[in-house]
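Let's take a walk through this protein, starting with its empty spaces and then turning to what is packed around them. Keep the structure open as you read.

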Amino acid sequence: MKNISLVIALLCSLYGGSLLAQNQAEPFMKQAQEALAKKEYTQARSGFMQAYRTFSAGSQYEKATECGVQAAALYYRENFYKEAFDLLREVDQLIAACEQTTRKNRPDLRYATVKERLRIYTRLKQAPRAQEQLARLEGLAKAAQADSLQQDLLYTQASLYYTFGMDEQGDATIHRLVDQYKAAKQYDKILQCCRTMIDVAGKSGNTTLMSRTYEQYISWKDSVGAMKNQDELAALRQECMTKQATIDEREASLKGRQYIIFGLCVLAGLLAAALVVAGVVLIRFVLLTRRQKKAIVVANEHNELKSRLLRNISAQLSPTLDQLDPAHPAVKALKAFIAHIEELFEQESRLADPGERQEKSVVTLCEELVKRIEDKTKEGVSVVVNAPKLRIAVQPELLEHVLLHLLENAAVYTPAGGKITLEYKKRGAHSHQFIVSDTGCGIEVEKRARLFQPFAEVRDLTQGDGLGLPICALMATRMNGALTLDEGYTKGARFVLELHS
């Protein structure tokens, strides 16, 4: 058994770091940003969710938080408020895991999730809840001790106050924002603040904030001019007029020839600048392409070496395991563990390969899967299918594996007389969900954040290796979707598989 433990430790160390998952995260994030720029919001949300899951698996907390907040914003943009709140709660749990791991508070990360909740409550016109979030923002900005967050807080305060008709507080906030520059006579920064406020108002659709800021912008602009010495202004104006007269005389003497030479020089300069810029862009593109190709080749080589080594270890281990009692729980558990690790590597290596789509009847697919677990349920457990007579294009092998695993888990944890439900919901033209619910004991709060992360804890393999859900999450990613736990469900456990076509 000591040798078996060493083999298990070796297999776990091979997986450590989730190198391939991290390599996949950046392209997901880039694709999501490009889709967002094109106003393809559903595609962007799916991309940010994929990037969030992959960054989370690689413990890249800052980027995971950024992508999670972006995905939440796109959820409530389409009025999916519950999904937005659930995702923000999940991101908060990830931040808590980050703080526990690093033993360091991260108010800067928590600031992002709280600010997004404030935006949701503002959009829902729930002033008391929005002000609660604003109070939390103030505490987080103070704890972070970052000037950028302090300034962002003032912009957020002003926007909130004007939205809910608290014009006096809004005016006071704007004055606080610019008083520091006014005292130092840094008028350019005052005007810059006003322009930023107008930009914030334009993005949020806050007409009150925009109109009031613009009024103060004009007022401050006039006051800046009045503060200058009038004699100095007159002298400057006279100097400008004199220089302009000299230029006019010179241009009159040179006549048309000057214009021609000037035009040719400008044209030559523009052409030269264009060539320089094009050359720089081309060189950067070539270098970047080479680096990316090299990184991809190295990553593929490393992954292939890991897979080959894993297969060799499995082949070496199998004869030894075959000599042991196959009915012994530890032997059975170890064989299943090795098979799951191989499947985990297989799914990771094929993340970019979604497989072929086939049209399937939703209700027929669901009913067939339910029949396969009827003999595994406890006495009196009812299994219900709630699905329409609709045909959709799916990857049947991947979809059936994920749903069957969720149903089998539900059968294990649902007590006698309980209920298991498999339902389908269409969420949009290109978005739909499969939902598996049960009335079992549910999932402990402290385990939810690591539910889809492989090797998140030391386990007794005879009680399960915990790799089933991480494998299902990778399969969901291959299907251009995401597998999540509905933490708002309190009657047991509910898993949501959201897919995008």
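Start with the enclosed spaces: this predicted model holds five cavities of 30 Å³ or more. The largest cavity has a volume of about 450 Å³. Its lining takes in 29 residues, and if you want to find the middle, look for Arg53, Ala57, Phe452, Gln453 and Ala473, which lie nearest the centre. Several elements give two or more residues to that lining: α3 (41-57), α5 (81-102), α13, α17 and β6 (481-485). Helix α3 has the largest share, with six residues. As for chemistry, the lining of the largest cavity splits into 17 nonpolar, seven polar and five charged residues.

Now for the open spaces. The largest pocket has a volume of about 1200 Å³. Which residues should you click on to get to its centre? Try Tyr413, Arg459, Gly464, Asp465 and Gly466, which lie nearest the centre among the 39 lining residues. At least two lining residues come from each of α1 (2-15), α13 (329-349), α15, β5 (431-438), α17 (468-478) and β7 (493-500). Here α15 makes the largest contribution, six residues. Sorted by class, the pocket lining has 21 nonpolar, 11 polar and seven charged residues.

Helix α15 is worth following further, into the packed interior. It spans residues 396-413. The largest nonpolar core has 50 residues, and those touching the most other members are Leu399, Leu403, Phe434, Leu483, Phe495 and Leu497. Helix α15 gives the most to this core, nine residues. For a close-up, pick Phe434: setting aside neighbours within four places in sequence, its contacts include Leu399 and Leu403, along with Phe495, Val496, Leu497 and Leu499. Val362, Cys366, Ile392, Glu423 and Tyr424 are also in contact with Phe434. There is a second, separate core too, with 47 residues, among them Ala72, Ala84, Leu88 and Leu109. In soluble globular proteins, nonpolar side chains tend to be buried together.

Finally, zoom out to the whole chain. Its secondary structure consists of 17 helices and seven strands. Of the 501 residues, 41% are buried. How do the contacts spread along the sequence? Taking contacts between residues at least 6 apart, 67% join residues at least 24 apart. On the outside, the accessible surface comes to about 28400 Å², and carbon and sulfur atoms account for 54% of that area.

Definitions and conventions: Residues are numbered from 1 along each chain as its sequence is written. This is a predicted model: local features need pLDDT of at least 70, side-chain atom pairs count only at pLDDT 80 or more; totals for chains, interfaces and linings use all residues. Side-chain values use heavy atoms; hydrogens and water are left out. Helices (H or I, at least four residues) and strands (E, at least two) are DSSP runs, numbered from the N terminus. Buried means under 20% relative accessible area, exposed over 50%, partly exposed in between (1.4 Å probe, protein chains only). Contact means heavy atoms within 4.5 Å. Accessible areas come from the Shrake-Rupley method with a 1.4 Å probe; for residues, only the protein chains shown count as cover. A nonpolar core is a set of buried Ala, Val, Leu, Ile, Met, Phe, Trp, Tyr and Cys residues joined through side-chain atoms within 4.5 Å. On a 1 Å grid over the protein atoms alone, a cavity is a set of points where a 1.4 Å probe fits but cannot get out, and a pocket is an open set with protein on both sides within 12 Å along at least five of seven lines; lining residues have an atom within 4 Å of a point. Grid points are joined across faces, edges and corners, and a volume is the space filled by probe spheres set on the points. Ala, Val, Leu, Ile, Met, Phe, Trp, Tyr, Cys and Pro count as nonpolar, Asp, Glu, Lys and Arg as charged, and the others, Gly among them, as polar.
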